[in-house]
Amino acid sequence: MVPDILALDFDGVCCDGMREYFETSRHTHARVWAAEPMPAADHLAAFAALRPVIHSGWEMPVLLRAIARGRARAEILGGWERVREQVVADGPGPGPALIELIGHTFDRVRREWIARDAAGWLDLHAPYGALDDLRRLVAEPARAVIVTTKEGEFARLILDRWDVRLADVQGKEAGEHKCLNLRGLIDAWVAAHGRRPRLAFVEDRLETLQHVTTHPDLDDVALFLAAWGYNTEAARATAAADPRIRLLTLEQFRRGTARWP
């Protein structure tokens, strides 16, 4: 059944921006840790392999710093929060202030890059599958929205370049957790239509979906883990065994919501 509302994560579901994440992280590192050399370009493969540990954009330069400083891949995959805290604790400056500095610098590097070379920045973002499939998919429900921890302005630029039209793009400025976005979508639909919507949410981060399952008021939201996104084999196996979360392949995604599991 086609949902009334389709909520899609952006990075790892609609868009593969790995090369952009990496280059933005390198240049952010060069500003935040200015006394040290910029991490080498040949760290891209390790960065891409470890990208699934990331929850928020500010963590990406920290991940790159951990890689550049020789932290083992298994250590990062098995204990990212501990590694992240250790890297942040090394400074410069106190942890909370450093996290804020990294986040602001990361977004500033992007904005400056876009102002300088918007076409070049956009070229580093690729859709998963054919754009015609994505355009058809988001036209199926009454409302299709992006719900992302990325700044909404950046997602909108990419979607405009692709000519993909949605009802809304809700970036990290729209809420602290995606549960808040889902509740807002439900409340607006109830106010307009007098009933709860059929809502489907596609996300590539297992932990985000698991968090949704802890909220009884969201029990009727259909949850899908994007198997092609930034997640691990272990995360996909966990999702496949979870009765509340459905594992979705890219081929199923592209064929349209009526054919989803």
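## Exercises on side-chain contacts and backbone outliers

Asp 4 and Arg 198 form a salt bridge, with 3.2 Å between the closest N and O atoms. The model is predicted. The exercises start from this pair.

**Exercise 1. Place the salt bridge between Asp 4 and Arg 198 in the chain, and state whether each partner is buried or exposed.**

Solution.
- Step 1: Locate Asp 4. This residue lies in the segment before β1 (5-8).
- Step 2: Locate Arg 198. This residue sits in the loop between α9 (178-193) and β6 (199-203).
- Step 3: Take the separation. The two parts are 194 residues apart in sequence, so the bridge ties them together.
- Step 4: Check Asp 4. Its relative accessibility is 7%, and buried means under 20%, so Asp 4 is buried.
- Step 5: Check Arg 198. At 37% relative accessibility, Arg 198 is partly exposed.

**Exercise 2. Analyse the salt bridge between Arg 196 and Asp 220.**

Solution.
- Step 1: Read the distance. The closest N and O atoms are 2.7 Å apart.
- Step 2: Place the partners. Arg 196 is in the loop between α9 and β6, and Asp 220 is in the loop between α10 (206-212) and β7.
- Step 3: Interpret the placement. These parts are 24 residues apart in sequence, so the pair ties them together.
- Step 4: Check the accessible areas. Arg 196 is partly exposed at 39%, and Asp 220 is partly exposed at 41%.
- Step 5: Look for shared partners. Asp 4, Arg 195 and Arg 198 are joined into one network by salt bridges that share partners.

**Exercise 3. Describe the salt bridge between Glu 23 and Arg 26, then give the total for the structure.**

Solution.
- Step 1: Read the distance. The closest N and O atoms are 3.1 Å apart.
- Step 2: Place the partners. Both lie in helix α1 (residues 18-32). They are 3 residues apart, about one turn of the helix.
- Step 3: Compare with the accessibility cut-off. Glu 23 has 22% and is partly exposed. Arg 26 has 13% and is buried.
- Step 4: Give the total. A search of the whole structure finds 25 salt bridges.

**Exercise 4. Classify the ring pairs that Phe 253 forms with Trp 228 and Trp 260.**

Solution.
- Step 1: Start with the count. The whole structure holds 7 aromatic pairs.
- Step 2: Take Trp 228 and Phe 253. Their centres are 4.8 Å apart and their planes meet at 45°, so the pair is tilted, between the cut-offs of 30 and 60 degrees.
- Step 3: Place this pair. Trp 228 is in the loop between β7 (222-226) and α11 (233-240), while Phe 253 is in helix α12 (residues 250-255). The pair links distant parts of the chain, 25 residues apart.
- Step 4: Take Phe 253 and Trp 260. The values are 5.8 Å and 20°, and the pair is stacked.
- Step 5: Check burial. Trp 228 and Phe 253 are buried, and Trp 260 is buried too.
- Step 6: Assemble the cluster. Ring pairs link Phe 224, Trp 228, Phe 253 and Trp 260.

**Exercise 5. Find which ring Arg 51 lies over, and which ring Arg 110 lies over.**

Solution.
- Step 1: Arg 51 lies over the face of Tyr 21, 5.2 Å from the ring centre.
- Step 2: Arg 110 lies over the face of Phe 154, 5.5 Å from the ring centre.

**Exercise 6. Inspect the backbone at Pro 92 and Asp 163.**

Solution.
- Step 1: Recall the norm. Most peptide bonds are trans, and most residues other than glycine have a negative phi.
- Step 2: Inspect Pro 92. A cis peptide bond joins Gly 91 to Pro 92, with omega about 10°. Pro 92 is in the loop between α5 (80-89) and α6 (95-123).
- Step 3: Inspect Asp 163. This residue is not a glycine, yet its phi is positive, about 60°. Asp 163 lies in the loop between α8 (152-162) and β5 (168-170).
- Step 4: Check exposure. Asp 163 is partly exposed, at 42% relative accessible area.

Technical notes: Residues are numbered from 1 along each chain as its sequence is written. This is a predicted model: local features need pLDDT of at least 70, side-chain atom pairs count only at pLDDT 80 or more; totals for chains, interfaces and linings use all residues. Side-chain values use heavy atoms; hydrogens and water are left out. Rings of Phe, Tyr and Trp (its six-membered ring) pair if their centres lie within 6.5 Å; planes under 30 degrees apart count as stacked, over 60 as edge-to-face and the rest as tilted. Helices (H or I, at least four residues) and strands (E, at least two) are DSSP runs, numbered from the N terminus. Buried means under 20% relative accessible area, exposed over 50%, partly exposed in between (1.4 Å probe, protein chains only). A charge sits over a ring if NZ of Lys or CZ of Arg is within 6 Å of the ring centre and within 35 degrees of the ring normal. A salt bridge is a side-chain nitrogen of Lys or Arg within 4 Å of a carboxyl oxygen of Asp or Glu.
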